[in-house]
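Thank you for making the time this morning. I would like to walk you through one structure, contact by contact, and I will start as soon as it is on the screen.

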Amino acid sequence: MHNNPSETLSFHRMQFQHEQVDTDPPSARLGTCLATDLTGNGRDDIIVGGFGPHKHLRINGAPTRIPNLAGLRDRLGFPEPNLYWYENPGWERHDIANLPKIDVGHTLGDVDGDGRVDLLVAQGIKNHDVYWLRQPDDPREEWDVFLITDSYEKYHDLAFGDIDDDGKPEVVGLSQESDVVFYYDIPSDPTSEPWPDNHRHVVAEGLSVEGAAMADIDGDGRTELIAGPNVFHREGDEWRREVIADDGWEDARVAVADVDDDGVPEVILTEGDSPHLVDNPGRVAIFDPPDWSRTVLSEQMFCPHSVQVADFNGDGLPDIYVAEMGLGENDDPKHVVFENQGDGRFTAETIANGIATHEAKVADITGTDSPDIVGKSYTPDHHVDVLYNK
């Protein structure tokens, strides 16, 4: 474990203190970042996972053919874990599992109904597995791993909740390579592997998206699935697709919240991989149903792959946090809070500079109910960070 001295970052009225939790986590291409209180002490811990270790030496950031220590351990059958959690306070790292090629957009949920939150993760490109990991009585001990499905390829985003309003939670998945949006009913024995095919429901085919959320968008008392720039409405056993935005918005990250206090949730989209992977400007906007009129918050950010909603300044209004990736291209990634003015306007406040992040989450790190932020980089550098809300 490597901890750096903290520094205070202050801009305008909001003040955040940065702490680097780990400067050398044991995995490359970190995809997973989640926050939850695993120990029951009232403070959120941090869960991180990635594709696995770099198996070859890197010189000036470029890979070579020379195996490094992690690569030798992997060849000998002793791979390092690529899923682990950091215990708050102190940030001691605990192993969860080694599941190769774990990618982005995972979630938490009590899969087996034992009152403890479990972890749901899935694999990336050229891989097919979705897993749930059962939290033990002591989260510092070994977590059991169970296969949900291996039917599709490259999952980007899982969600957990009652998507079909039957009073029981389901597991929602987005498969980008197989172009499928689906969900699974949890079987009576969730440890059965894989889950039965007759528990799987297909919401959409021929659609590659990312970003998932659940909410009653139209006020009809039924839960909708928001998947990228689309809303799926359940009509009997079928799902009707409604397009939120048709002018790009590929690889959009999603948040849903009532940011204008009209009693109806809005959809916040960010172009999370633009302009690195997609030829879009990296926009951030709020889309207001039912006509999906938009409020553009930013016309150009670099891969704003993190979007969260919380009252960061304590004025009772929900603010919108968006942060940029680095990817070896952006030397000055920004963390921005779009501060809700309560009259339909939002003021952008930069709360941190120079800290590349990906899939950052709001968390209560101090146990004071003040929204802090946890995050980690994606690639080529690797670090885990906290921004304390002061």
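Please look at Arg-93, which in this predicted model forms a salt bridge with Asp-22, the closest N and O atoms being 2.7 Å apart. Arg-93 belongs to strand S8, residues 92-97, while Asp-22 belongs to strand S2, residues 14-22, so this pair ties together parts that are 71 residues apart in sequence. As for the surroundings of the two partners, Asp-22 is buried, with a relative accessible area of 0%, whereas Arg-93 is partly exposed, at 28%. Arg-93 has a further contact, in that its charged end sits over the ring of Tyr-84, 5.8 Å from the centre of that ring. A contact of this kind is also found at Arg-29, whose charged end sits over the ring of Phe-51, 3.8 Å from its centre.

How many salt bridges does the structure hold? There are 19 of them, and I will mention two more by name. Asp-197 and Arg-200 meet through their side chains at 3.5 Å, N to O; here Asp-197 is exposed, with a relative accessible area of 55%, and Arg-200 counts as partly exposed at 22%. The side chains of Asp-332 and Lys-334 also meet in a salt bridge, at 3.3 Å from N to O, with Asp-332 partly exposed at 34% and Lys-334 partly exposed at 31%. Beyond such pairs, there is a network in which salt bridges that share partners join Asp-157, Glu-210, Arg-253, Glu-359 and Lys-361.

Let me turn to the aromatic residues, where the structure holds ten aromatic pairs. One of these pairs is formed by Tyr-183 and Trp-239, which are arranged edge-to-face, with 6.2 Å from centre to centre and 75° between the planes. Since Tyr-183 lies in strand S15, residues 180-185, and Trp-239 lies in strand S20, the pair ties together parts that are 56 residues apart in sequence. Are these two residues buried or exposed? Tyr-183 is buried, with a relative accessible area of 5%, and Trp-239 counts as buried too, at 13%. Elsewhere, Tyr-152, Tyr-155, Phe-182, Tyr-184 and Trp-195 form one aromatic cluster.

Strand S20, which carries Trp-239, brings us to the sheets. Four strands, in the order S17-S18-S19-S20, form an open sheet with antiparallel pairing. Its edge strands are S17, residues 212-215, and S20, residues 238-243, each of which pairs on one side only. On average, and ignoring direction, neighbouring strands of this sheet are turned by 25° against each other. Between S17 and S18, the latter spanning residues 224-227, the antiparallel pairing runs over four bridges, and in one of the pairings Ala-212 has Ala-227 in S18 as its bridge partner.

Further along, strand S27, residues 334-340, pairs with strand S28, residues 346-353, in the antiparallel sense over seven bridges, with Glu-339 standing opposite Thr-347 in S28. These two strands form a hairpin with five residues between them, and Gly-342 in the turn has a positive phi of about 85°.

Finally, what about disulfides? The structure holds zero of them. Cys-33 is in no disulfide, and the nearest cysteine sulfur, that of Cys-303, is 17 Å away. Both cysteines count as buried, Cys-33 at 2% relative accessibility and Cys-303 at 1%.

Terms used. Residues are numbered from 1 along each chain as its sequence is written. This is a predicted model: local features need pLDDT of at least 70, side-chain atom pairs count only at pLDDT 80 or more; totals for chains, interfaces and linings use all residues. Side-chain values use heavy atoms; hydrogens and water are left out. A disulfide is a pair of cysteine sulfur atoms within 2.5 Å. Buried means under 20% relative accessible area, exposed over 50%, partly exposed in between (1.4 Å probe, protein chains only). Two strands pair if DSSP finds at least two bridges between them. Axes are lines fitted to C-alpha atoms, for helices over the stretch in contact, and angles run from 0 to 180 degrees between N-to-C directions. Rings of Phe, Tyr and Trp (its six-membered ring) pair if their centres lie within 6.5 Å; planes under 30 degrees apart count as stacked, over 60 as edge-to-face and the rest as tilted. A charge sits over a ring if NZ of Lys or CZ of Arg is within 6 Å of the ring centre and within 35 degrees of the ring normal. A salt bridge is a side-chain nitrogen of Lys or Arg within 4 Å of a carboxyl oxygen of Asp or Glu.
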